[in-house]
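Okay, thanks for having me, everyone. I'll pull the model up and then we can talk about where protein and DNA meet.

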2 protein chains.
Amino acid sequence: MKPRHRQDALVRNLRRQGTSTISRLAEEVGASRRTVLRDIAALRDEGFVIHSETGPGGGLFLDPRSVQTTARLSVAEVFALLISVASMRAAGTLPFSGLADAALAKIEKALPSDKVQDLRRFLDCLYVGPLAPEVDITNLGKMDPALLPAFEPAFLNRLRLRFHYRDAKGVETTRHVEPQAMLILPPLWYLVAWDPSRQDFRHFRMDRISAPECVEGSAFRRRQVPFDDSVRPVRQTLD
Amino acid sequence: MKPRHRQDALVRNLRRQGTSTISRLAEEVGASRRTVLRDIAALRDEGFVIHSETGPGGGLFLDPRSVQTTARLSVAEVFALLISVASMRAAGTLPFSGLADAALAKIEKALPSDKVQDLRRFLDCLYVGPLAPEVDITNLGKMDPALLPAFEPAFLNRLRLRFHYRDAKGVETTRHVEPQAMLILPPLWYLVAWDPSRQDFRHFRMDRISAPECVEGSAFRRRQVPFDDSVRPVRQTLD
DNA sequence: TTAATGATGCCAAAAACTGGCACCATAAAT
DNA sequence: ATTTATGGTGCCAGTTTTTGGCATCATTAA
């Protein structure tokens with residue numbers, strides 16, 4: 001058995017039994033006393049808090065608060081969590097958000113990639129706010145989540161995006177833009193993009209976008225997105 | 001360099017360069033061609049999707065969607081993420097929430113502990129809704145996050161909780177209750193608990209609780225919490 | 001004092017990893 | 001058809017890491 005798996009088994013046994021002794025653990029995981037001791041030391045190095053007491057009746061005790069998980073998440077999943085947490089922080093009403101931030105920071109650090117940092121920069125542009133009371137939610141279509149996979153590579157790799165867009169008047173056009181940010185004003189998502197042919201920024205309601213496609217090999221540089229909190233009052237005019 | 005770290009380096013290089021060849025990677029990570037090939041095989045076993053093409057101009061290509069992280073999170077951190085995601089789902093306005101759910105499911109599964117499932121049962125009672133427009137947020141105190149660590153073991157281990165409570169009239173009493181659920185109505189958190197001395201459920205505003213303390217060795221069983229969505233209209237009467 | 005327990009250092013055996021080699025398959029270029 | 005650049009596999013000896021046994025010490029309850 002690989003060291004890593006054996007150490008996981010040790011943690012499991014310690015959790016289940018509350019307290020145990022080196023010899024018992026050694027028998028349970030099929031390793032020698034010496035090896036278990038080394039594994040315990042390794043776990044302590046990794047941050048597990050394991051108390052020990054010598055003498056008859058002594059043994060090991062794992063502090064449950066120090067138990068950790070080793071989930072493997074994809075970049076997309078990290079992105080999803082990121083949005084969730086960023087949104088809650090923007091809403092500003094939940095405690096634990098500090099902990100959630102810390103957790104995400106860990107996840108990002110463990111990710112063998114620095115692309116998530118790029119995503120984070122886009123997230124900085126997000127604003128999540130309560131819906132104005134006069135807006136009729138049922139009348140506002142939501143974007144189709146099935147379209148999202150097409151957007152991700154565009155943001156990750158700064159690729160131009162081509163899609164069909166049906167504007168407020170129902171007129172359908174084909175656009176070819178450089179995605180700059182996502183703007184979230186629940187329950188609507190907007191794509192903020194630079195339109196090279198018009199030399200200007202445009203907002204697109206995500207639910208009015210269809211057939212999005214990344215244009216391969218078209219990396220562009222990021223532009224200064226011309227809004228911040230002041231976007232708030234603009235809300236009613238977006239569509 | 002340890003195999004694990006070398007493999008991480010490989011993934012980093014592949015992500016950065018888009019595509020590469022075995023020989024180039026071998027030089028970059030300071031290992032032999034054979035070893036890199038073995039590492040690639042190991043990565044594939046772990047779920048990384050690495051395409052390869054033979055012949056001149058060929059090479060390796062890592063599908064970015066398959067890149068994974070190996071963060072180690074504590075139970076408390078998982079709880080924090082859980083709340084974040086559960087809240088967003090309750091708000092019902094964000095896409096990606098399916099992905100976030102999947103990510104959390106993975107995290108929970110990887111956690112060598114089943115305590116998080118217990119936490120999840122509490123979370124099922126959460127309701128997160130937009131604040132009624134007539135409520136003046138600035139007048140509503142928020143709970144002190146510093147108090148939270150005292151609550152966590154109470155929920156995790158079903159322990160009785162003792163605390164001081166200052167009610168709406170400013171009268172301070174000492175309570176001794178069995179915590180049953182957290183009720184979130186932004187920006188306020190409520191503790192829903194069974195009060196054995198009164199043989200009834202009580203709601204406590206978290207920001208009016210002080211000096212919370214777990215009562216060790218006092219495990220209790222869960223009671224049927226007598227509310228669901230119908231709690232919504234009750235809102236104005238809670239305090 | 002004794003016995004049970006955690007903890008550390010040392011060393012040889014065992015296991016895993018590594019790098020070199022030969023060799024194969026494929027596909028583009030000549 | 002040949003050459004060349006590439007990924008991929010099997011084998012084996014050398015190297016490195018891990019393991020298990022041993023001796024030994026410290027601590028504490030009986």
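I'll go through the two DNA strands one after the other, C and then D.

Before that, a reminder that this is a predicted model.

So, strand C. How many residues surround DNA strand C? There are 23, and the closest are A:Arg34, A:Ser52, B:Arg6, B:Thr35 and B:Arg38. As for what they touch, sugar and phosphate make up 56% of the strand C atoms that come within 4 Å of the protein.

Let's look at some individual contacts. A:Ile22 uses its backbone: one of its backbone N or O atoms sits 3.0 Å from a phosphate oxygen of DNA strand C. With A:Arg44 we're on the side chain, where an N or O atom is 3.2 Å from a phosphate oxygen of strand C. And then there's a base contact: a side-chain N or O atom of A:Arg33 lies 3.2 Å from a base nitrogen of DNA strand C.

Which elements give two or more residues to this surface? From chain A you have helix 3 (33-45) and strand 2 (50-53), and from chain B helix 1 (3-17) and helix 3 (33-45). Helix 3 of chain A has the largest share, four residues. If you sort the surface near DNA strand C by residue type, you get six nonpolar, 10 polar and seven charged.

Okay, over to strand D. Here 24 residues surround the DNA, and the closest are A:Arg6, A:Thr35, A:Arg38, B:Arg34 and B:Ser52. Of the strand D atoms within 4 Å of the protein, 55% are sugar or phosphate, and the rest belong to bases.

I've picked three phosphate contacts to show you on this strand. The side chain of A:Thr35 puts an N or O atom 2.4 Å from a phosphate oxygen of DNA strand D. For A:Ser32, again through the side chain, the distance to a phosphate oxygen of strand D is 3.1 Å. From the other chain, a side-chain N or O atom of B:Arg44 is 3.0 Å from a phosphate oxygen of strand D.

In terms of elements, chain A brings helix 1 (3-17) and helix 3, while chain B brings helix 3, strand 2 (50-53) and strand 3 (59-62), each with two or more residues near DNA strand D. And which element gives the most to that surface? That's helix 3 of chain B, with four residues. By type, the residues near strand D split into seven nonpolar, 10 polar and seven charged.

That's what I had, so over to you for questions.

Conventions. Residues are numbered from 1 along each chain as its sequence is written. Chains are lettered from A and ligands numbered from 1 in the order in which they are written. This is a predicted model: local features need pLDDT of at least 70, side-chain atom pairs count only at pLDDT 80 or more; totals for chains, interfaces and linings use all residues. Side-chain values use heavy atoms; hydrogens and water are left out. A residue is near a molecule or strand if one of its heavy atoms lies within 4 Å of it. A polar contact is a pair of N or O atoms within 3.5 Å; within protein, one must be able to donate a hydrogen and the other to accept it, and residues adjacent in sequence count only if both atoms are side-chain atoms. Ala, Val, Leu, Ile, Met, Phe, Trp, Tyr, Cys and Pro count as nonpolar, Asp, Glu, Lys and Arg as charged, and the others, Gly among them, as polar.
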